[in-house]
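Open the model in your viewer and keep the selection tool at hand. The tour moves from stop to stop.

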Amino acid sequence: MALAAETKRIVAQFEYSDEDVNIGVKEFLRQIDEGLHASGTSMSQIPTYVTAVPNGTEKGLYLAVDLGGTNLRVCSVRLNGDNSFNLTYSKAAIPKELMVAKTAKELFRFIALHIDSFIKEHHYDHYEYHIRRRETMSNPEGYRDEHIFRLGFTFSFPVQQVGINKGFLIRWTKGFDIPDAIGKDVCALLQEEIDALHLPVKVAALVNDTVGTLMARSYTSPGKTGALLGAIFGTGTNGAYIEKLSNIKKKLEGDYDQSTGEMVLNTEWGSFDNQLNVLPNTTFDIKLDSESVNPGIQMFEKRVSGMFLGEILRIVLVSLLQNKTVQLFHDENSSHNDWKSTTSIAPESGIFKQWGLDSAIMSVAALDNTPDLGTLRQELDSQLDVYSPSLEDAQAFKALADAIGRRAARLSAVAVGAIVLQSGKLSDPAYANEPVDVGVDGSLVEHYPHFRTMIYDALRVIDGIGEAGAERIRIGIAKDGSGVGAALIALVAASME
Ligand code: ADP
C-alpha cells in the first residue's frame, strides 16, 4: 500500500469528531461530580483551601519557591496593585544526590540555604533586619511582623493537602526517593530548616502549579470576576477551578474561610476516564500505555500532554517502518532485511528509543506549510538523524503529527468546556456578557501552533456553549504563573492568619 494511503488510514484513527467532543464533555461532567462526592475516584478533585482569587489590586512583596523535577526556583514578587508585578528570580539545579538523600533534612536544608542567599543578594534590607533581630533575640520587642517574608511553596509532587500551608507527602515522583519524607508535612519540613538558619521567612502557603496559574491569571487579567480555571499543558496536564463550597463540604477537614462560599479545587484531570469509558483508544495509545511505568493511570494525560504526544507519534512511525508494504524513510541502497537497517535513519536516532521523540518537533511540522516542507525535512535530519527525508516522508510525518496534535487540542477542549459548563457562568444572568477567563501555562499551549485555535474550534460545537459561549471564553497565557501564583496564595494565606 502506498505510504500516503496508509498515512490517511492512520490519521483517520486520530479523528475526534464533534460528536466525540460532546460525549467526552458529558462524561467529564459526570466524573467531576463523582469526584465531588467520593474519594478514590478517577479525578481526585482535591480541595486546596484557597477560597478567594485576586482581582489585581493586591499589593506587597512575597517570596516563592518552586521545587519542580530538576530545578529549584526561588523568587520574590512585588505585586504593584494595578494588575502588574515585578519578579526577581534565581534558579539552581537540584543535586542528584539530594533527590535520593537519606533524610528529608538534607534536601530541605538545601532549599533553605538558597532562600538565605537569595534574600542576602536581592533583599538585603530584610536580611539586615534579620541580623539585628538575631542580636536582639533576648528582646522579642525588637521583632516586627512586617519584616517577615511570607513564602508560597510550589511543590509539584502528590501531597494530601489538609490546610493552606499543610500537606503530607504521598509519594515521590520524577526520580526523587527520600523515604524518610513520606507522610510528613512538607511545609513543616521547610519551615524547620528556615528556622534553623533564623531567616525572617514564614512558609505561608503550599501551592499546586495549576492553582498558581489560576491565581496569576486572575491577578493580571482585568475583569470583574477573576479567572475560573487555571490549566497546565506542559510535560503533564492538569487543571484547577473554582467550585462552590456547598458542593465540596463533604471533602473538607480542618479550618477554612467560608466567607466567599467558594474554594479552588485541583481536579487532577490527567486521570480523567482512566477506565476508558469515552477516551479514544487506538492501538498506538494501547502500546504507549502498556509500556509506561504506570499502565492504566493518567489516561487523559497520555493523550494530551507534551511528554506523551511525541511518544505516540514515535510508536506510529515505528509501526509504519515495520510495515513492509509501505516505504517510509526508506534506504534504496540497503540490502539488509531487518526493518531498522532498511531505513535511512541512524541507529542512534530517537525514533528507535522510548521517549526519544520530543514533541517540540511536532510544532515544526505544524508550522511548515511550504510546498517542499524544507524546514521540517531539515529538522528530521538534525533532530532525529533521518538522512535526506523525501517530500513524501515529510508529508506523512506532518499529517500524522498534525492529527495527534489536533486530537490533543480537542480533548483539552473537553476539559475546559466541561468546567465552564460546571461553573454555570455562561447561563447565569449575574455574569451576562462577562468573559469567562481561563489561564493556561506550559510549553504545549504556549508553543504548539494554533493549539488554542483548535481548542476554540472544539468549544464552539459543545452543546450549552456554542458560538456565542465560545466567544465569551477567554483563554490566555498566565506568564510566570508559578512565581506570581505562589506569591498570591501566600498573600491570601497571610490575610487569614
Ligand atoms: P513543565 O511542564 O515540566 O513545567 P514545560 O511547560 O516546558 O515544562 O513542558 C515541557 C514539555 O513540553 C515537554 O514534554 C516537551 O516535549 C514539550 N514541548 C516543549 N516545547 C514544545 C513545542 N514547541 N511544541 C510542543 N511541545 C513542546
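Which polar side-chain atom lies 2.6 Å from an oxygen atom of the ligand? Select serine 443: a polar atom of its side chain is at that distance. Keep in mind throughout that this is a predicted model.

**Stop 1: the ligand**

Stay with the ligand and add two side chains. Aspartate 358 comes next, with a side-chain N or O atom 2.6 Å from a ligand oxygen. Then pick serine 359, where the corresponding distance from a ligand oxygen to a side-chain N or O atom is 3.2 Å. Now show the surface of the ligand. Alone, the ligand would expose 570 Å², and the protein buries 65% of that.

Widen the selection to the residues around the ligand. They are Gly234, Thr235, Gly306, Met307, Asp358, Ser359, Ala360, Ser363, Gly442, Ser443, Leu444 and His447. Colour them by type: 3 are nonpolar, 8 are polar and 1 is charged.

Which elements give two or more residues to this shell? Highlight α11 (306–322), α12 (360–367) and α15 (443–447). Of the elements, α15 gives the most, with 3 residues.

**Stop 2: the sheet**

Switch to a cartoon view. Look for an open sheet of 6 strands with mixed pairing. Trace the strands in the order β1-β11-β10-β9-β12-β13. Select β1 (46–47) and β13 (473–477), which stand at the edges. Each has a single partner strand, so one side of each is left without a neighbour in the sheet.

Move inward to β9 and β12. In what sense do strand β9 (residues 227–233) and strand β12 (residues 436–441) pair? The pairing is parallel, over 5 bridges. For one detail, click isoleucine 232: opposite it stands aspartate 441 in β12.

**Stop 3: the second largest pocket**

Now turn to empty space. The second largest pocket holds about 260 Å³. Its lining counts 14 residues. To find the centre, select Ile242, Glu262, Ser423, Lys425 and Tyr431, the lining residues nearest to it.

Which elements give two or more residues to the lining? Select β10 (237–244) and α14 (391–423). The largest share, 4 residues, comes from β10. Strand β10 also belongs to the sheet at the previous stop. Finish by colouring the pocket lining by type. It divides into 5 nonpolar, 4 polar and 5 charged residues.

Note on methods: Residues are numbered from 1 along each chain as its sequence is written. This is a predicted model: local features need pLDDT of at least 70, side-chain atom pairs count only at pLDDT 80 or more; totals for chains, interfaces and linings use all residues. Side-chain values use heavy atoms; hydrogens and water are left out. A residue is near a molecule or strand if one of its heavy atoms lies within 4 Å of it. A polar contact is a pair of N or O atoms within 3.5 Å; within protein, one must be able to donate a hydrogen and the other to accept it, and residues adjacent in sequence count only if both atoms are side-chain atoms. Accessible areas come from the Shrake-Rupley method with a 1.4 Å probe; for residues, only the protein chains shown count as cover. Ala, Val, Leu, Ile, Met, Phe, Trp, Tyr, Cys and Pro count as nonpolar, Asp, Glu, Lys and Arg as charged, and the others, Gly among them, as polar. Two strands pair if DSSP finds at least two bridges between them. On a 1 Å grid over the protein atoms alone, a cavity is a set of points where a 1.4 Å probe fits but cannot get out, and a pocket is an open set with protein on both sides within 12 Å along at least five of seven lines; lining residues have an atom within 4 Å of a point. Grid points are joined across faces, edges and corners, and a volume is the space filled by probe spheres set on the points.
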